[in-house]
Amino acid sequence: MTAIYTLTLAPSLDSATVTDQIYPEGKLRCSSPVFEPGGGGINVARAIAHLGGHATAIFPVGGATGQHLSELLLEEKVAVDTVESGDWTRQNLHVHTQSTGEQYRFVMPGAALTNDEFHRLEEKALSIRSGDILVISGSLPPGVEVEKLCRLVKAAQDKGIRCIVDSSGEALKATLALGNIELVKPNQKELSALIGRELTQPDDVRKAAQQIVNSGQAKRVVVSLGPQGALGVDSQDCVHVVPPPVKSQSTVGAGDSMVGAMTLKLAEHASLLDIVRYGVAAGSAATLNKGTRLCSLENTQNIYRYLKS
């Protein structure tokens with residue numbers, strides 16, 4: 001059985017609250033905060049657990065915020081494998097305004113990692129068995145350059161570990177240059193940046209995704225298209241999955257839910273169509289929730305059944 005691990009270098013303790021409206025200087029009366037684990041790979045592992053799967057989250061923890069983060073994950077029955085860091089784990093704030101329905105996301109910089117702390121995280125990642133899946137997701141914290149990330153990915157691939165990278169900017173571009181990434185999930189803007197040209201024509205997205213696959217950079221490219229669903233490309237197929245219309249409450253967590261669902265299907269050796277369908281179902285299910293909540297199994301399965309019908 002294929003095991004799944006996630007690596008999050010910049011985890012967070014996320015708090016979500018509701019206020020009537022936001023304006024300068026005055027006191028904004030808020031609801032009691034709801035605390036949830038945060039960070040790309042951590043949310044991918046959580047989504048997998050919500051969908052009935054199992055994933056081990058590898059990440060650094062520091063201070064009381066890091067301890068709280070670990071406790072919340074254990075409550076959700078997500079397996080953790082952590083490294084103590086000197087800096088406290090960051091805390092992010094998500095505010096929903098009742099009067100306008102707008103969301104405000106205050107994202108702090110990740111806790112800095114020393115060379116030793118990164119090396120210990122790297123050791124945990126490289127202890128994964130050949131053939132298992134490692135999802136590297138989220139931003140890079142202070143102290144971790146793109147070159148360090150690339151060395152980790154290359155070392156993992158050399159051991160036969162199947163790497164999924166869910167990042168953006170230079171980190172995504174540099175890891176793709178290594179080749180043979182199992183799956184990437186850029187949005188249309190990120191895909192345009194990767195190939196260095198504007199995607200203005202209806203078929204440009206497909207051609208750009210195929211360019212990345214044909215060049216050997218990634219085995220599968222799934223382009224997130226928001227309300228239009230997702231376009232998936234591998235060496236043999238191209239599929240476009242459009243979700244049913246749903247009342248979106250929040251897009252926070254939709255991307256991580258999508259990656260978690262697709263990783264589960266990839267571990268089951270599913271077809272590209274099934275991988276993208278389940279990913280779109282989970283991403284859409286996450287948007288039904290307010291705040292930072294991820295997909296639920298019930299909502300994901302209902303949308304998945306609709307997409308298969």
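## Helix packing and nonpolar cores

Helices α8 and α9 are roughly antiparallel to each other, because angles over 145 degrees count as roughly antiparallel. This description, like everything below, comes from a predicted model.

The axes of α8 and α9 cross at roughly 150° and come within 7 Å. The crossing in which α8 passes α9 is right-handed. Both helices supply residues to the contact. From α8 come Ala254, Ser257, Met258, Ala261, Met262, Leu264, Lys265 and Leu266. From α9 come Asp274, Ile275, Tyr278, Gly279, Val280, Ala282, Gly283 and Ala286.

A second helix pair is α4 (residues 146-158) and α5. The axes of α4 and α5 lie 9 Å apart, at an angle of about 35°. Their crossing is right-handed. On the α4 side, Val146, Leu149, Cys150 and Val153 make the contact. On the α5 side, Glu170, Ala171, Ala174 and Thr175 do so.

The table sets out the two pairs.

| Helix pair | Axis separation | Angle | Crossing |
|---|---|---|---|
| α8 and α9 | within 7 Å | roughly 150° | right-handed |
| α4 and α5 | 9 Å | about 35° | right-handed |

Now for the interior. In soluble globular proteins, nonpolar side chains tend to be buried together. Here the largest nonpolar core has 44 residues. Which of them touch the most other members? They are Leu51, Phe59, Val222, Val276, Val280 and Cys295. Several elements give two or more residues to this core, including the helices α1 (40-50), α2 (63-75), α8 (254-267), α9 (272-286) and α10 (297-308). The strands β4 (56-61), β8 (133-137) and β12 (238-241) do so too. Which element gives the most? It is α9, with 9 residues.

A second, separate core holds 40 residues. Among them are Leu113, Leu152, Ala209 and Val223.

Back to Val276, in the largest core. Beyond its neighbours within four places in sequence, Val276 is in contact with Val222, Ala230, Gly232, Val239 and Val241.

Helix α7 spans residues 204-214. Its buried residues are Asp204, Val205, Ala208, Ala209, Ile212 and Val213. What covers them? The cover includes helices α5 (169-176) and α6 (188-195), along with strands β10 (221-224) and β11 (230-233). Just after α7, Gly216 has a positive phi of about 85°.

Two single residues show how distant parts of the chain meet. Ile4 sits in strand β1 (residues 4-7). Is Ile4 buried or exposed? Its relative accessible area is 4%, so Ile4 is buried, the cut-off being under 20%. Leaving aside neighbours within four places in sequence, Ile4 is in contact with Ile48, His54, Ala55, Thr56, Ile133, Thr263, Leu264 and Ala267. Ile4 and Arg162 are 158 residues apart along the chain, yet their C-alpha atoms are separated by 9.6 Å.

Lys124 belongs to helix α3 (residues 115-126). With 23% relative accessibility, Lys124 counts as partly exposed. Apart from neighbours within four places in sequence, Lys124 is in contact with Ile58, Asp81, Thr82 and Val83. Lys124 and Val83 are 41 residues apart in sequence, and their C-alpha atoms are 9.1 Å apart in space.

Last come the cysteines. How many disulfides are there? The count is 0, where a disulfide needs two cysteine sulfur atoms within 2.5 Å. Cys30 is partly exposed, at 44% relative accessibility. Cys238 is also partly exposed, with a relative accessible area of 35%.

Note on methods. Residues numbered from 1 in each chain as written. Predicted model: local features only at pLDDT ≥ 70, side-chain atom pairs only at ≥ 80, totals over all residues. Heavy atoms only, no water. Core = buried A, V, L, I, M, F, W, Y, C linked by side-chain atoms within 4.5 Å. Buried < 20%, exposed > 50% of the residue type's maximum accessible area, 1.4 Å probe, protein only. Helix = DSSP H or I, 4+ residues; strand = E, 2+ residues; numbered from the N terminus. Contact = heavy atoms within 4.5 Å. Axes fitted to C-alpha atoms, helices over the stretch in contact; angles between N-to-C directions. Parallel < 35°, antiparallel > 145°, perpendicular 65-115°, else oblique. Left-handed = near helix turned anticlockwise from the far one by under 90°.
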